[in-house]
Each structure stands twice: as C-alpha cells, then as structure tokens.
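Visitor: Could you take me closely through a single part of this protein, namely its nonpolar core, and relate that part to the elements around it?

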Amino acid sequence: MTSFVWHIDSENYLNNNSPHADKMSTKHFIDKICRCLDNYSKKYSLEQLKNGVIPHSHSCSNLRTKSGRAAKQLYGHLKRINENLANEQTQIDANDIYQLKIKGIVEKQEYRCFGYILPDDDVFHLVYLDPDHEVYE
C-alpha cells in the first residue's frame, strides 16, 4: 500500500482571493489545512484516495464538463500546468485531479482543496483551495 503523501505545488498554485483561502493567516493555514492533510496522510493510502474511499474526496474526472467560473478557471490552469510538464514528458489527465474535504473549519463547512497526482508519482500536489465550494457548486 502506497502512503498518501502531499505537498504544496508552489510553482503552480492557483490563487483564490477568498479571505478564507489565500488571505488566511499562516497560522490558520498550518492549523487547519496542513493538519487536515497530514491526518489524511496518516489515515489513508494513495490507493484509497484514488478509489474514492476517503469520505467526500474523489477524482474530478468530470471537471472539464463543469460550466461554473471556478471550475473553468481550475481546469484551464491545469491545462497550463500540462504545458509546463510537456518537457518532462508527463501529463495530468482529468482522472489525476482530486478534491479533498478539509475538516475542522467551522465557518466553512464545504471547504475543499484540489490537487493532482501524476501517473508515476505518489504525491498529492495541492494547487487550489476552494473554501466556498465554487468548483462543484
């Protein structure tokens, strides 16, 4: 069973101007976002993430068909990441994009984070925080 490892893809991180996303304090980010992702990595495997076993977490294979502004923005951003990855001869498929529910944030019950897992990689690359659940409205 492959461990669930995560990191922030700082080079490809997509800014969200929400005060509950990218304008939160560093302490809040560490206490809430990082702690929740660390808990996932201790409790679940990468296979469980890919197979949809983690509650409220799933592949976003249908992201390209969503019509909302946030979904289009995220999908377009992931296409640009693919352009950057072309030199490494690897690509992000729609099936490689996942959302994870962030727990423990009282003011935002539907908080989600989005990232990708490359085919030959065992890392969840965090690229977007969605505190208002706008990607999947």
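Guide: What follows looks at the core first and then at the sheet and helices around it. Please keep in mind throughout that this is a predicted model. The largest nonpolar core holds 24 residues, and those that touch the most other members are Phe4, Ile33, Leu37, Leu49, Leu100, Phe124 and Leu129. Two or more residues come from each of helix H1 (26-43), helix H2 (46-50), strand E3 (97-101) and strand E5 (123-130), and among these elements H1 gives the most, with 6 residues. Leu37 serves as a useful example, since, leaving aside residues up to four places away in sequence, Leu37 touches Trp6, Leu100, Ile102, Cys113 and Leu126. A second core, separate from this one, has 18 residues, including Cys60, Leu85, Tyr116 and Tyr136.

Turning to the sheet, its 5 strands form an open arrangement in the order E1-E5-E4-E3-E2, and the pairing is mixed. Strand E1 (5-8) and strand E2 (58-59) are the edge strands, each pairing on one side only. E2 and E3 run antiparallel and are joined by 2 bridges, and Ser59 has Tyr98 in E3 as its bridge partner.

The helices can then be placed against these strands. H1 lies across E1, E3, strand E4 (112-116) and E5, and runs at about 155 degrees to E1, whereas helix H3 (residues 69-85) lies across E3, E4 and E5, running at about 145 degrees to E5. As general background to the core, nonpolar side chains in soluble globular proteins tend to be buried together.

Methods: Residues numbered from 1 in each chain as written. Predicted model: local features only at pLDDT ≥ 70, side-chain atom pairs only at ≥ 80, totals over all residues. Heavy atoms only, no water. Core = buried A, V, L, I, M, F, W, Y, C linked by side-chain atoms within 4.5 Å. Buried < 20%, exposed > 50% of the residue type's maximum accessible area, 1.4 Å probe, protein only. Helix = DSSP H or I, 4+ residues; strand = E, 2+ residues; numbered from the N terminus. Contact = heavy atoms within 4.5 Å. Pairing = 2+ DSSP bridges. Axes fitted to C-alpha atoms, helices over the stretch in contact; angles between N-to-C directions.
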